[in-house]
Amino acid sequence: MNGFASHGLDEDAFGEKGNIVSAFDAFPKSKPQYVTRTSGGGKWTVAIICAAFFLISGEFTRWWRGHENHTFAVEKGIGHNLQINLDIVVAMKCENIHINVQDAAGDRILAAEMLKEDPTNWKQWVDNKGMHKLGKDSEGRVQTGEGYHEHDEGFGEEHVHDIVNAARKSKFAKTPRVRGGDPDSCRIYGSLMVNKVQGDFHITARGHGYQEWGAQHLDHATFNFSHIVSELSFGLFYPSLVNPLDRTISTTPNHFHKFQYFLSVVPTVYTVDSSTYGSRTIFTNQYAVTEQSHIVGERSVPGIFFKYDIEPMLLSVEESRDSFLRFVVKVVNVFSGVLVTGHWGFTMSEWAISVLGKRRRQMSEGVLNGRAHESYD
């Protein structure tokens with residue numbers, strides 16, 4: 001019996017050997033009546049299951065969302081044109097406004113010929129939901145950036161696939177019918193092509209800023225460059241993507257007031273691979289903006305000026321997801337690590353409990369029987 005009898009053991013103390021698989025078991029299992037179950041073992045089992053579930057759930061969430069790779073590189077492509085999408089309401093009548101683009105190449109583009117101008121009322125736009133001043137939210141609170149997600153990928157979205165899904169081409173909405181009297185404002189909207197170089201897109205009053213032959217003098221009392229920007233973007237028109245100047249409002253009680261916006265435009269490519277949400281790539285542009293506005297004298301040119309500069313770099317953001325086999329390997333590693341850690345924790349806790357129990361019993365016997373305390377190893 002392999003020496004079991006000499007130690008007072010017998011084969012009946014172990015599990016049945018009734019099948020071929022059990023015959024090859026190198027570690028014979030004891031029968032249930034010879035196994036002592038402890039409450040500590042059950043607690044550790046529950047703890048191991050909970051820890052494994054928590055870690056595997058986190059691993060599954062990261063795998064399902066995928067991961068983003070950001071790459072900056074000098075833009076190697078040669079671009080000649082850039083599309084500007086604009087939707088702005090100015091608190092002046094359309095016939096009193098001039099819209100032009102002057103770029104670093106020296107070209108002057110009559111933007112009014114490419115954009116649409118519709119008479120409207122200021123009150124129909126100023127109270128629209130979501131309107132806010134630049135740098136503040138719709139409730140007037142200063143935006144410090146602390147409330148934004150750490151991994152905001154642009155356009156107010158957290159993940160690349162959200163940006164790609166929101167990037168759907170559309171047309172500009174129609175101008176609402178004029179209500180409440182004669183129109184006192186002008187809605188300027190549409191897309192225009194400009195040279196892909198540094199430029200200045202500006203809205204000024206008729207007869208101011210550019211010399212016009214035969215133009216009648218415009219009364220300065222009609223100047224009011226308060227404006228609402230519903231859309232300002234570069235590249236293809238994706239109205240669902242939120243840009244920094246979208247739905248912003250700026251007002252002034254002064255007739256001679258100059259609004260200046262300085263924009264740094266960064267070409268951006270968003271890509272989602274085929275194993276995640278279907279292969280799709282969009283080419284667009286992000287921009288950062290700073291604003292400066294002040295009162296000017298009557299010899300200066302009041303108006304709204306958008307000064308944009310194209311950065312010579314390309315930002316590529318790619319979202320991908322690991323293969324399912326790699327995910328399974330990670331899950332197996334996590335579960336194995338939890339089992340090993342739990343086993344060591346259970347072993348150490350049982351050893352500590354047994355040592356403390358023996359020491360307490362030794363102290364109790366010494367008090368009751370008058371025995372001297374003996375050191376216990």
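Before I begin, one convention about residue classes: Ala, Val, Leu, Ile, Met, Phe, Trp, Tyr, Cys and Pro count as nonpolar, Asp, Glu, Lys and Arg count as charged, and the others, Gly among them, count as polar. Please also keep in mind that what we are looking at is a predicted model.

With that convention, let us turn to the second largest pocket, whose lining divides into 9 nonpolar, 2 polar and 7 charged residues. The lining has 18 residues, and those that lie nearest the centre of the pocket are Asp87, Ser230, Glu231, Pro239 and Arg247. The space in this pocket comes to about 270 Å³.

Next, the chain as a whole, in which we find 5 helices and 13 strands. Of its 377 residues, 35% are buried, and the chain exposes about 23700 Å², with carbon and sulfur atoms supplying 56% of that area. If we take the contacts between residues at least 6 apart in sequence, 78% of them join residues at least 24 apart.

Let me now follow one strand, β3, which covers residues 97-103 and is mostly covered, with 5 of its 7 residues buried. Which strands does β3 join through bridges? One is β7, residues 199-205, which runs antiparallel to β3 and is joined to it by 7 bridges; another is β4, residues 108-109, also antiparallel, with 2 bridges. Gln102 takes part in both pairings, since its bridge partner in β7 is Asp200, while its bridge partner in β4 is Arg108. Finally, β3 and β4 form a hairpin with 4 residues between them, and in that turn Gly106 has a positive phi of about 90°.

Definitions and conventions
Residues are numbered from 1 along each chain as its sequence is written. This is a predicted model: local features need pLDDT of at least 70, side-chain atom pairs count only at pLDDT 80 or more; totals for chains, interfaces and linings use all residues. Side-chain values use heavy atoms; hydrogens and water are left out. On a 1 Å grid over the protein atoms alone, a cavity is a set of points where a 1.4 Å probe fits but cannot get out, and a pocket is an open set with protein on both sides within 12 Å along at least five of seven lines; lining residues have an atom within 4 Å of a point. Grid points are joined across faces, edges and corners, and a volume is the space filled by probe spheres set on the points. Buried means under 20% relative accessible area, exposed over 50%, partly exposed in between (1.4 Å probe, protein chains only). Two strands pair if DSSP finds at least two bridges between them. Contact means heavy atoms within 4.5 Å. Accessible areas come from the Shrake-Rupley method with a 1.4 Å probe; for residues, only the protein chains shown count as cover.
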